[in-house]
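Visitor: I would like to go through this structure and ask why things are called what they are called.
Guide: Then let us look at it together.

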Amino acid sequence: MMADSSDADADADAAPPDVLRVRDLPPGAADALLASHGLQLHFVDDTAPIPGSFWGEPEAGVIAHNVYVRGDTPVHSMLHEACHLIVLPVERRAQVHTDATDSVIEEDATCCLQIILADDLPGVGRHRLMGDMDAWGYTYRLGSTRAWFEQDADDARAFLKERGLPHR
(Lines give C-alpha, C1' and ligand atoms only; values in the text may rest on other atoms or scores of the structure.)
Protein backbone atom coordinates (compact mmCIF):
# COMPACT_ATOMS: atom_id res chain seq x y z
CA MET A 1 0.00 0.00 0.00
CA MET A 2 1.33 3.43 -0.92
CA ALA A 3 1.37 6.17 1.68
CA ASP A 4 -0.83 9.14 0.90
CA SER A 5 1.24 12.28 0.38
CA SER A 6 -1.00 14.12 2.83
CA ASP A 7 0.18 11.65 5.52
CA ALA A 8 3.80 12.59 4.81
CA ASP A 9 2.90 16.29 4.97
CA ALA A 10 1.12 15.75 8.28
CA ASP A 11 4.18 14.00 9.71
CA ALA A 12 6.46 16.83 8.56
CA ASP A 13 4.16 19.37 10.24
CA ALA A 14 3.69 17.36 13.44
CA ALA A 15 3.99 19.38 16.61
CA PRO A 16 7.23 18.95 18.55
CA PRO A 17 7.04 16.66 21.59
CA ASP A 18 5.50 18.15 24.73
CA VAL A 19 8.64 18.53 26.83
CA LEU A 20 9.68 21.06 29.45
CA ARG A 21 11.24 24.14 27.90
CA VAL A 22 13.71 26.60 29.40
CA ARG A 23 10.88 29.18 29.54
CA ASP A 24 9.05 26.82 31.96
CA LEU A 25 11.80 27.02 34.60
CA PRO A 26 11.67 29.46 37.51
CA PRO A 27 13.73 32.58 36.72
CA GLY A 28 17.37 32.15 37.70
CA ALA A 29 17.17 28.41 38.44
CA ALA A 30 19.09 27.26 35.35
CA ASP A 31 21.59 30.12 35.62
CA ALA A 32 22.40 29.19 39.22
CA LEU A 33 22.77 25.48 38.47
CA LEU A 34 25.14 26.08 35.56
CA ALA A 35 27.11 28.73 37.48
CA SER A 36 27.68 26.20 40.28
CA HIS A 37 29.63 24.19 37.69
CA GLY A 38 31.60 27.12 36.29
CA LEU A 39 29.36 27.70 33.29
CA GLN A 40 27.47 30.74 32.07
CA LEU A 41 23.98 30.50 30.60
CA HIS A 42 23.11 32.90 27.78
CA PHE A 43 19.59 33.53 26.52
CA VAL A 44 19.14 34.47 22.89
CA ASP A 45 16.01 35.91 21.31
CA ASP A 46 13.36 33.30 20.48
CA THR A 47 13.72 34.01 16.76
CA ALA A 48 17.52 34.08 16.70
CA PRO A 49 19.86 31.24 15.79
CA ILE A 50 21.46 29.55 18.79
CA PRO A 51 25.26 29.91 18.78
CA GLY A 52 27.13 26.61 19.05
CA SER A 53 24.04 24.44 18.48
CA PHE A 54 25.10 21.08 17.02
CA TRP A 55 21.56 20.06 16.04
CA GLY A 56 20.16 23.51 15.27
CA GLU A 57 17.28 25.31 16.88
CA PRO A 58 15.76 24.88 19.36
CA GLU A 59 18.61 22.71 20.69
CA ALA A 60 21.08 24.34 23.10
CA GLY A 61 24.55 25.36 21.99
CA VAL A 62 27.98 25.37 23.63
CA ILE A 63 31.06 27.49 23.14
CA ALA A 64 33.83 27.23 25.74
CA HIS A 65 32.28 27.81 29.20
CA ASN A 66 29.04 29.13 27.72
CA VAL A 67 25.68 27.45 27.14
CA TYR A 68 23.24 29.17 24.76
CA VAL A 69 19.47 28.68 24.84
CA ARG A 70 16.19 30.21 23.75
CA GLY A 71 12.91 30.09 25.63
CA ASP A 72 11.80 27.16 23.45
CA THR A 73 14.97 25.14 24.09
CA PRO A 74 14.09 21.85 25.81
CA VAL A 75 15.38 21.63 29.37
CA HIS A 76 16.91 18.24 28.55
CA SER A 77 18.91 19.85 25.73
CA MET A 78 20.19 22.66 27.96
CA LEU A 79 21.24 20.13 30.60
CA HIS A 80 22.76 17.78 28.03
CA GLU A 81 24.96 20.44 26.46
CA ALA A 82 25.92 21.87 29.86
CA CYS A 83 26.85 18.39 31.07
CA HIS A 84 29.08 17.89 28.05
CA LEU A 85 31.12 20.80 29.39
CA ILE A 86 30.90 19.71 33.02
CA VAL A 87 32.37 16.25 32.33
CA LEU A 88 35.36 17.78 30.55
CA PRO A 89 38.45 18.96 32.38
CA VAL A 90 38.26 22.77 32.72
CA GLU A 91 41.20 23.26 30.37
CA ARG A 92 39.37 21.35 27.59
CA ARG A 93 36.22 23.42 27.93
CA ALA A 94 37.92 26.47 26.44
CA GLN A 95 38.46 24.53 23.20
CA VAL A 96 34.81 23.52 22.76
CA HIS A 97 32.74 24.98 19.98
CA THR A 98 29.50 23.20 19.03
CA ASP A 99 30.76 19.58 19.28
CA ALA A 100 31.78 18.84 22.85
CA THR A 101 32.71 15.18 22.96
CA ASP A 102 35.07 12.75 21.35
CA SER A 103 34.24 9.53 23.16
CA VAL A 104 31.37 7.19 23.96
CA ILE A 105 32.09 7.27 27.70
CA GLU A 106 31.92 11.09 27.76
CA GLU A 107 28.57 10.91 25.94
CA ASP A 108 27.26 8.31 28.40
CA ALA A 109 28.52 10.31 31.39
CA THR A 110 26.85 13.40 29.93
CA CYS A 111 23.50 11.61 29.67
CA CYS A 112 23.82 10.23 33.18
CA LEU A 113 24.78 13.59 34.68
CA GLN A 114 21.96 15.47 32.95
CA ILE A 115 19.49 13.09 34.59
CA ILE A 116 21.11 13.53 38.00
CA LEU A 117 21.25 17.33 37.75
CA ALA A 118 17.57 17.48 36.75
CA ASP A 119 16.83 16.91 40.44
CA ASP A 120 18.42 20.32 41.12
CA LEU A 121 15.94 22.17 38.92
CA PRO A 122 12.61 23.02 40.56
CA GLY A 123 9.71 21.38 38.76
CA VAL A 124 11.91 19.05 36.72
CA GLY A 125 13.49 16.06 38.49
CA ARG A 126 15.02 12.98 36.96
CA HIS A 127 11.79 11.11 36.20
CA ARG A 128 10.29 14.00 34.20
CA LEU A 129 13.59 14.55 32.40
CA MET A 130 13.90 10.87 31.44
CA GLY A 131 10.35 10.97 30.06
CA ASP A 132 11.21 14.08 28.05
CA MET A 133 14.37 12.41 26.73
CA ASP A 134 12.31 9.44 25.53
CA ALA A 135 9.69 11.72 23.97
CA TRP A 136 12.43 13.67 22.15
CA GLY A 137 13.93 10.51 20.70
CA TYR A 138 16.92 9.54 22.82
CA THR A 139 17.48 5.82 22.27
CA TYR A 140 19.12 3.21 24.45
CA ARG A 141 19.62 -0.51 23.94
CA LEU A 142 17.39 -1.34 26.92
CA GLY A 143 14.50 0.55 25.33
CA SER A 144 14.11 3.59 27.56
CA THR A 145 16.18 6.25 29.24
CA ARG A 146 15.04 5.05 32.67
CA ALA A 147 16.00 1.42 31.97
CA TRP A 148 19.45 2.55 30.80
CA PHE A 149 19.93 4.87 33.78
CA GLU A 150 18.84 2.27 36.33
CA GLN A 151 20.37 -0.86 34.79
CA ASP A 152 23.15 0.00 32.36
CA ALA A 153 24.89 3.23 33.38
CA ASP A 154 27.52 1.82 35.76
CA ASP A 155 30.40 2.85 33.50
CA ALA A 156 29.01 6.38 33.23
CA ARG A 157 28.60 6.59 37.02
CA ALA A 158 32.18 5.37 37.53
CA PHE A 159 33.43 8.02 35.08
CA LEU A 160 31.53 10.73 36.98
CA LYS A 161 32.67 9.47 40.39
CA GLU A 162 36.30 9.38 39.24
CA ARG A 163 36.01 13.07 38.33
CA GLY A 164 34.34 14.05 41.59
CA LEU A 165 30.99 14.74 39.93
CA PRO A 166 27.53 13.71 41.13
CA HIS A 167 26.96 10.09 40.17
CA ARG A 168 23.79 8.89 41.96
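**Two helices and a sheet**

Guide: In this predicted model, the axes of helix H3 (residues 75-87) and helix H5 (residues 104-117) come within 8 Å and cross at roughly 125°.

Visitor: Why are H3 and H5 called oblique to each other?
Guide: Their axes cross at roughly 125°. Roughly perpendicular covers 65 to 115 degrees and roughly antiparallel begins over 145, with the rest counted as oblique, so H3 and H5 are oblique to each other. The crossing of H3 and H5 is right-handed.

Visitor: Which residues make the contact?
Guide: H3 contributes His76, Leu79, His80, Cys83, His84, Ile86 and Val87. From H5 come Glu106, Glu107, Ala109, Thr110, Cys111, Leu113, Gln114 and Leu117. Sorted by class, eight residues of this contact are nonpolar, five polar and two charged.

Visitor: What makes S1 and S2 the edge strands?
Guide: The open sheet has three strands in the order S1-S3-S2, with mixed pairing. Strand S1 (40-43) and strand S2 (61-63) each pair on one side only, and are the edge strands. Neighbouring strands of the sheet are turned by 25° against each other on average, direction ignored.

Visitor: How do you know that S2 and S3 pair?
Guide: Pairing needs at least two bridges, and S2 and strand S3 (residues 66-69) have three, so they pair, in the antiparallel sense. Valine 62 has valine 67 in S3 as its bridge partner.

Visitor: Which strands does H3 touch?
Guide: H3 packs on the sheet and touches S1, S2 and S3. The direction of H3 makes about 170° with that of S3; angles over 145 count as roughly antiparallel, so H3 and S3 run roughly antiparallel.

Terms used. Residues are numbered from 1 along each chain as its sequence is written. This is a predicted model: local features need pLDDT of at least 70, side-chain atom pairs count only at pLDDT 80 or more; totals for chains, interfaces and linings use all residues. Side-chain values use heavy atoms; hydrogens and water are left out. Helices (H or I, at least four residues) and strands (E, at least two) are DSSP runs, numbered from the N terminus. Axes are lines fitted to C-alpha atoms, for helices over the stretch in contact, and angles run from 0 to 180 degrees between N-to-C directions. Contact means heavy atoms within 4.5 Å. Angles under 35 degrees count as roughly parallel, over 145 as roughly antiparallel, 65 to 115 as roughly perpendicular and the rest as oblique. A crossing is left-handed if the near helix is turned anticlockwise from the far one by less than a right angle, and right-handed if clockwise. Ala, Val, Leu, Ile, Met, Phe, Trp, Tyr, Cys and Pro count as nonpolar, Asp, Glu, Lys and Arg as charged, and the others, Gly among them, as polar.
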